[in-house]
Amino acid sequence: MKETVFLTGATAGIGVSLAIGLSQQYNIILSGRNTQKLEDLKSKCETENQVYILPLDLSDLDALENNISSFLKENGLTVEKFVHCAGFMKMVPLKLVSQDLMLETFKTNVFSANTIIKLLTNKKANNSSLNSVVLISSNISNRGAKAMSTYGSSKAALDGLMRSLAVELAPKVRINSVLPGAVITEMTKAIFENEEVSQRMSAQYPLGIGLPNDIAEAVSFVLSEQSRWITGQQLTVDGGRSINITG
């Protein structure tokens with residue numbers, strides 16, 4: 001029987017590549033905030049497998065568990081694999097960081113992931129069917145950057161969650177994270193259209209700037225049984241940026 005993947009952040013740049021690629025291998029639940037974008041994406045997933053859409057606001061933690069549980073019950077679904085691609089990022093210097101910004105960032109990037117994993121490992125809600133999780137983190141998780149304290153700390157927290165749950169939920173569930181570097185998407189395209197910025201960033205990446213499919217291929221591998229002996233790991237996919245110490 002074909003397994004089902006639950007994908008958050010499906011309508012973002014990397015999410016779209018993940019949705020189209022994973023829908024060729026699995027039944028898939030596409031989740032995001034914008035219903036119309038989800039409908040448009042569903043039409044791009046031309047596949048013999050089942051494609052479902054589930055509009056969700058991941059920052060609304062009170063409703064999250066109920067909405068997913070009801071959806072699974074109504075559609076007679078169990079979820080075997082979960083990819084958390086949703087992410088909230090704002091570049092804000094420390095002096096302007098508010099409690100509301102911190103909360104929204106952590107709710108979307110970390111707390112929702114924990115809530116969904118907890119739900120999908122529950123016998124009553126999902127028949128304890130979950131077997132593999134991939135969390136989309138960032139190469140900033142282990143490093144630092146100006147005006148990125150809120151986003152960076154949320155991704156570090158996400159990877160901390162990944163490591164502890166990988167131990168707690170083994171051997172039934174494998175949990176890993178993929179850490180992308182700079183990737184050209186609709187959201188970042190304007191940045192790379194600035195020639196000076198584009199050249200400066202490209203010089204820092206030995207293999208050049210990435211594309212969404214570079215991340216999608218890595219996620220597909222880590223999610224699958226091909227990586228059955230890998231859990232609790234950060235897989236950095238950044239074209240060599242993190243090992244480049246050239247002056």
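## Burial, and a first residue

A residue counts as buried under 20% relative accessible area and as exposed over 50%, with partly exposed covering what lies in between. Take Ala147 as a first case: its relative accessibility is 24%, so Ala147 lands in the partly exposed class. That puts it above the 20% cut-off for buried and below the 50% one for exposed. Keep in mind throughout that this is a predicted model.

## The chain as a whole

Let's step back to the overall fold. The chain carries 9 helices and 7 strands. Its radius of gyration comes out at 18 Å, close to the 18 Å that the globule rule gives for 247 residues, so the chain is as compact as a globular protein of that length. Along the principal axes, the C-alpha atoms fill a box of roughly 55 × 40 × 40 Å.

Now for what's inside and what's outside. Of the 247 residues, 49% count as buried. The exposed area of the chain is about 12,900 Å², and carbon and sulfur atoms supply 52% of that. On the contact side, look at pairs with a separation of 6 or more: 69% of those contacts come from residues 24 or more positions apart. As for charge, there are 23 positive and 23 negative charges, and their mean positions sit 5 Å apart.

## Aromatic pairs

How many aromatic pairs does a search of the whole structure find? It turns up 3. One of them joins Tyr52 and Phe71, edge-to-face, with 6.3 Å from centre to centre and 90 degrees between the planes. This pair links distant parts of the chain: Tyr52 belongs to strand 3 (residues 51-55) and Phe71 to helix 3 (residues 61-75), with their positions 19 residues apart in sequence. Both Tyr52 and Phe71 are buried.

Phe106 and Phe111 make a pair too, with ring centres 6.1 Å apart and planes at 50 degrees, so this one is tilted. Over 60 degrees would have been needed for edge-to-face, and under 30 for stacked. The two partners fall into separate burial classes: Phe106 is buried, with a relative accessible area of 15%, while Phe111 is partly exposed at 36%.

## The loop before helix 4

Two residues are worth a look in the loop between strand 4 (81-84) and helix 4 (99-120), namely Leu96 and Met91. Are they buried or exposed? Leu96 has a relative accessible area of 58%, so it is exposed, and Met91, also at 58%, is exposed as well.

Exposed or not, Met91 does have partners. Leaving out neighbours within four places in sequence, Met91 is in contact with Lys146, Ala147 and Met148. Ala147 also comes up with Leu96: the two are 51 residues apart along the chain, and their C-alpha atoms are separated by 9.4 Å. For contrast, try Met91 against Glu39, where 52 residues along the chain go with 30 Å between C-alpha atoms.

## Backbone oddities

Back to Ala147, which sits in the loop between strand 5 and helix 6. Its phi is positive, about 65 degrees, although Ala147 is not a glycine. Asn127 does something similar: it isn't a glycine either, and its phi is about 55 degrees, again positive. You'll find Asn127 in the loop between helix 5 (123-126) and strand 5 (132-136). With a relative accessible area of 47%, Asn127 counts as partly exposed.

Where is the cis peptide bond, with omega near 0 degrees? Look at the step from Ala170 to Pro171. Pro171 belongs to the loop between helix 6 (149-169) and strand 6 (174-180).

## Leu235 in strand 7

Finally, a stop at Leu235, which is in strand 7 (residues 234-237). Its relative accessibility is 33%, so Leu235 is partly exposed. Which residues does Leu235 touch, not counting those up to four places away in sequence? The list is Ser177, Val178, Leu179, Ala218 and Val222. Strand 6 (174-180) takes in the positions of Ser177, Val178 and Leu179, so Leu235 of strand 7 has contacts there.

Leu235 can also be set against Leu22, at 213 residues' distance in sequence: their C-alpha atoms are 18 Å apart in space.

Notes
Residues are numbered from 1 along each chain as its sequence is written. This is a predicted model: local features need pLDDT of at least 70, side-chain atom pairs count only at pLDDT 80 or more; totals for chains, interfaces and linings use all residues. Side-chain values use heavy atoms; hydrogens and water are left out. Rings of Phe, Tyr and Trp (its six-membered ring) pair if their centres lie within 6.5 Å; planes under 30 degrees apart count as stacked, over 60 as edge-to-face and the rest as tilted. Helices (H or I, at least four residues) and strands (E, at least two) are DSSP runs, numbered from the N terminus. Buried means under 20% relative accessible area, exposed over 50%, partly exposed in between (1.4 Å probe, protein chains only). The radius of gyration is taken over C-alpha atoms; the globule rule is 2.2 Å times the number of residues to the power 0.38. Contact means heavy atoms within 4.5 Å. Accessible areas come from the Shrake-Rupley method with a 1.4 Å probe; for residues, only the protein chains shown count as cover. Lys and Arg count as positive and Asp and Glu as negative; His and the chain ends are not counted. The place of a charge is taken as NZ of Lys, CZ of Arg, CG of Asp or CD of Glu.
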